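Hi there,

Here is the structure I promised to pass on. Have a look at it first, and then read on for what turned up.

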Amino acid sequence: MPYHKVQIHARTALIKWKFPPPNFLKCNVDGSLRTHPDRAACGGVFRDAIGAWKFGFVRNVGNATINMTELWGIYTALSIAKNRGVENIWLETDSAIAVKLITDGYPPTHPCKPLLAAIINLMEGSWEVILTHSYREANTVADSLANSAFNYPYGTHILDSPPREILDLLKADVTGVAYPRRIAL
């Protein structure tokens, strides 16, 4: 069989966390999965237009797929924001699949259909919700929170102050630390 060399065109981009516009809270969310035993968790951080911590959450989901876990993070963030009276939220996740399922639709037989329907229902109403994908390099705080959620009992736990272990990550975001990433052209 002949060998064909495939050339992939890519460039290196510097990725960093982006501040939300005034009058918006930004929530970065992430999911995490451990396979032995099968456990899933998610976490999120809410910050204002200057990047200051407002509140966060961790959720020990139990048994779930990674896509379901990412969706649980989005659902939990929206639920908390709505319950706290947030009027404008920019929700960012490093799961392109979750964003696509929510924005482009999903088949009627999708295993996450009830959770997706609940997310879409929460997004409606008298508030503005922006949902975007980010690279994982811009989602380090949420990633750390999601990984720490395994240390909490099953369920959702609101964090009114940031855990000590993420303080350096929060500072890196606010000061504009950027991380290199190869991006296909």
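In which hand of crossing does α1 pass α2? The crossing of α1 over α2 is right-handed. Before the rest, please keep in mind that this is a predicted model.

**The helices**

Let me stay with that pair for a moment. Helix α1 covers residues 66-83 and helix α2 covers residues 96-104, and they pack with their axes 9 Å apart at an angle of about 65°. Angles from 65 to 115 degrees count as roughly perpendicular, so α1 is roughly perpendicular to α2. On the α1 side, Asn67, Glu70, Leu71 and Ile74 meet Ile97, Ala98 and Ile102 of α2. Sorted by class, this contact of α1 with α2 has five nonpolar residues, one polar and one charged.

Helix α1 has another partner in helix α3 (residues 113-123): the axes of the two come within 10 Å and cross at roughly 30°. Angles under 35 degrees count as roughly parallel, and α1 and α3 are therefore roughly parallel to each other. Here α1 passes α3 in a left-handed crossing. If you want to display this contact, select Met68, Leu71, Trp72, Ile74, Tyr75, Leu78, Ser79 and Lys82 in α1, together with Leu115, Leu116, Ala118, Ile119, Leu122 and Met123 in α3. Twelve residues of the contact of α1 with α3 are nonpolar, one is polar and one is charged. Leu71 and Ile74 of α1 appear in the contact with α2 and also in the contact with α3.

Further along the chain, helix α4 (residues 140-148) packs with helix α5 (residues 167-174) at an angle of about 165°, and their axes are 9 Å apart. Since angles over 145 degrees count as roughly antiparallel, α4 and α5 are roughly antiparallel to each other. Their crossing is left-handed, with α4 passing α5. Thr140, Val141 and Ser144 of α4 make the contact with Leu169, Leu170 and Asp173 of α5. By class, the residues of the contact of α4 with α5 divide into three nonpolar, two polar and one charged.

**The sheet**

Now for the strands. Six of them form an open sheet with mixed pairing, in the order β6-β5-β2-β3-β4-β7. The edges are taken by β6 (128-133) and β7 (155-159); each has a single partner strand, so one side of each is left without a neighbour in the sheet. From one strand to the next, the twist averages 20°.

Starting at the β6 edge, β5 and β6 run parallel and are joined by six bridges. One pair to look for is glutamate 92 with its bridge partner in β6, threonine 132. Strand β5 (residues 88-93) also pairs with strand β2 (residues 25-35), in the parallel sense over five bridges. In that pairing, leucine 25 has isoleucine 89 of β5 as its bridge partner.

Is β5 buried or exposed? Six of its six residues are buried. Its two faces are both covered, with Asn88, Trp90 and Glu92 buried on one side and Ile89, Leu91 and Thr93 buried on the other.

Next in the order, β2 and β3 run antiparallel, joined by ten bridges, and threonine 35 has aspartate 38 of β3 as its bridge partner. Strand β3 (residues 38-47) has eight of its ten residues buried, so β3 is largely enclosed by the rest of the structure. Between β3 and strand β4 (residues 53-62), which run antiparallel, there are eight bridges. Alanine 41 has asparagine 60 of β4 as its bridge partner. β3 and β4 form a hairpin with five residues between them, and glycine 51 in that turn has a positive phi of about 85°.

**One lysine to look at**

Last, please find lysine 100, which lies in helix α2. With a relative accessible area of 52%, lysine 100 is exposed, because anything over 50% counts as exposed. Lysine 100 and histidine 133 are 33 residues apart in sequence, and their C-alpha atoms are 9.1 Å apart in space.

Best wishes

Methods. Residues numbered from 1 in each chain as written. Predicted model: local features only at pLDDT ≥ 70, side-chain atom pairs only at ≥ 80, totals over all residues. Heavy atoms only, no water. Axes fitted to C-alpha atoms, helices over the stretch in contact; angles between N-to-C directions. Helix = DSSP H or I, 4+ residues; strand = E, 2+ residues; numbered from the N terminus. Left-handed = near helix turned anticlockwise from the far one by under 90°. Contact = heavy atoms within 4.5 Å. Nonpolar A, V, L, I, M, F, W, Y, C, P; charged D, E, K, R; others polar. Pairing = 2+ DSSP bridges. Buried < 20%, exposed > 50% of the residue type's maximum accessible area, 1.4 Å probe, protein only.
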